[in-house]
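Thanks for coming, everyone. I'll walk you through one structure today, piece by piece. Have a look at it first.

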Amino acid sequence: PDPPARQISWDATGDPGSERGPYVVVSNAKAPADMNVPVVVTFDLTSDCEKLKQFHRDFGTKYNGWLNEDGTVSDGWVELLNYVIGQPLQDTLNGVAQKYTWQQIWNDEQARTEFRNALLTSLPNASKARTNGVDFFTNFQVTVLKPTPVNPELKAAIEREQAAIQNAQATQ
């Protein structure tokens, strides 16, 4: 029998234990700004024995990428996942970000939903394309957390603007 599929995560939140910080995208030209987009992707590594051997042979040895028995990973494993998952993820986020202003990326649920759906659509094919057409990774799940402006001054300016509106309403 095949071993159970191993669930893997690619955590781009910048939290302790994550693989990397949030992705930085640029919103569209109407209101351009760098935005941090934290993303967590989970997926399964194939449990097919022949595919696992091929994966190890073609990619594990190339990157010195492996999972240790205690669940920790080698630097090579993070590099391998960045190539197969992280880079296509960045490309997809960049494409979607071009449709929205930074304010929409920050506060519009529709933008987050589109990021998520675009990633769910693109990652299986993109990862397969980067592993010589073999689908070593399946069952993708994507969580896009709340994007925030890279420049804290943008956030502060919006908060000041909102406070001024509230003050004006209060004085009426």
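Helix 2 and helix 4 cross in a right-handed sense. Keep in mind that this is a predicted model. Two packed helices are described by the angle between their axes and the distance between the axes. So how do helix 2 and helix 4 cross, and within what distance do their axes come? Helix 2 covers residues 75-97, and its axis comes within 9 Å of the axis of helix 4. The crossing angle is roughly 140 degrees. That makes helix 2 oblique to helix 4.

Now the residues at that contact. From helix 2 we have Y83, V84, I85, Q87, P88, L89, T92, L93, V96 and A97. They meet E114, F115, A118, L119, S122, L123, A126, S127 and R130 of helix 4. Sort this contact by class, and you get 13 nonpolar, four polar and two charged residues.

Stay with F115 for a moment. F115 sits in helix 4. Is F115 buried or exposed? Its relative accessibility is 0%, so F115 counts as buried. What does F115 touch, leaving out residues up to four places away in sequence? The list is V37, L93, V96, A97, I105 and V144. Then there is V142, 27 residues from F115 in sequence. In space, the two C-alpha atoms are 9.3 Å apart.

Next, what does helix 4 lie across? Helix 4, residues 109-130, lies across strand 4 and strand 5. Against strand 5, helix 4 runs at about 160 degrees.

That brings us to the sheet with those strands. It is an open sheet of three strands, in the order 1-4-5, and the pairing is antiparallel. Why do strand 1 and strand 5 each have one side without a neighbour in the sheet? Strand 1 (6-12) and strand 5 (137-144) stand at the edges with a single partner strand each, so one side of each is left free of a neighbour there. On average, neighbouring strands of this sheet are turned by 15 degrees against each other, direction ignored.

Let's take the pairs one at a time. Strand 1 and strand 4 run antiparallel, joined by seven bridges. One residue pair to look for: W10 has V41 of strand 4 as its bridge partner. On to strand 4, residues 39-45, and strand 5. They pair in the antiparallel sense over six bridges. Here V39 has V144 of strand 5 as its bridge partner. V144 also came up earlier, as one of the residues that F115 touches.

How enclosed is strand 4? Six of its seven residues are buried, so strand 4 is largely enclosed by the rest of the structure.

Back to helix 2 for another residue, W77. At 4% relative accessibility, W77 counts as buried, because the cut-off is under 20%. Beyond residues up to four places away in sequence, W77 touches I8, F55, N64, G65, W66 and L67. And T61? T61 and W77 are 16 residues apart along the chain, with 10.0 Å between their C-alpha atoms.

Now to another sheet. Three strands form it, in the order 2-3-6. This sheet is open as well, with antiparallel pairing. Which strands stand at its edges? They are strand 2 (23-26) and strand 6 (148-149). Each has a single partner strand, so one side of each is left without a neighbour in the sheet. Strand 3 and strand 6 run antiparallel and are joined by two bridges.

Last residue: M35. M35 is in strand 3, which spans residues 34-37. The bridge partner of M35 in strand 6 is P149. Its relative accessibility is 0%, so M35 counts as buried. What does M35 touch, again leaving out residues up to four places away in sequence? Y23, V24, V25, W102, I105, W106, P147, T148, P149 and V150. Take V24 from that list. V24 and M35 are eleven residues apart in sequence, and their C-alpha atoms are 5.4 Å apart in space. One name links back to the helices: I105 is touched by M35, and F115 of helix 4 touches I105 too.

That's the tour. Over to you.

Conventions
Residues are numbered from 1 along each chain as its sequence is written. This is a predicted model: local features need pLDDT of at least 70, side-chain atom pairs count only at pLDDT 80 or more; totals for chains, interfaces and linings use all residues. Side-chain values use heavy atoms; hydrogens and water are left out. Two strands pair if DSSP finds at least two bridges between them. Helices (H or I, at least four residues) and strands (E, at least two) are DSSP runs, numbered from the N terminus. Axes are lines fitted to C-alpha atoms, for helices over the stretch in contact, and angles run from 0 to 180 degrees between N-to-C directions. Contact means heavy atoms within 4.5 Å. Angles under 35 degrees count as roughly parallel, over 145 as roughly antiparallel, 65 to 115 as roughly perpendicular and the rest as oblique. A crossing is left-handed if the near helix is turned anticlockwise from the far one by less than a right angle, and right-handed if clockwise. Ala, Val, Leu, Ile, Met, Phe, Trp, Tyr, Cys and Pro count as nonpolar, Asp, Glu, Lys and Arg as charged, and the others, Gly among them, as polar. Buried means under 20% relative accessible area, exposed over 50%, partly exposed in between (1.4 Å probe, protein chains only).
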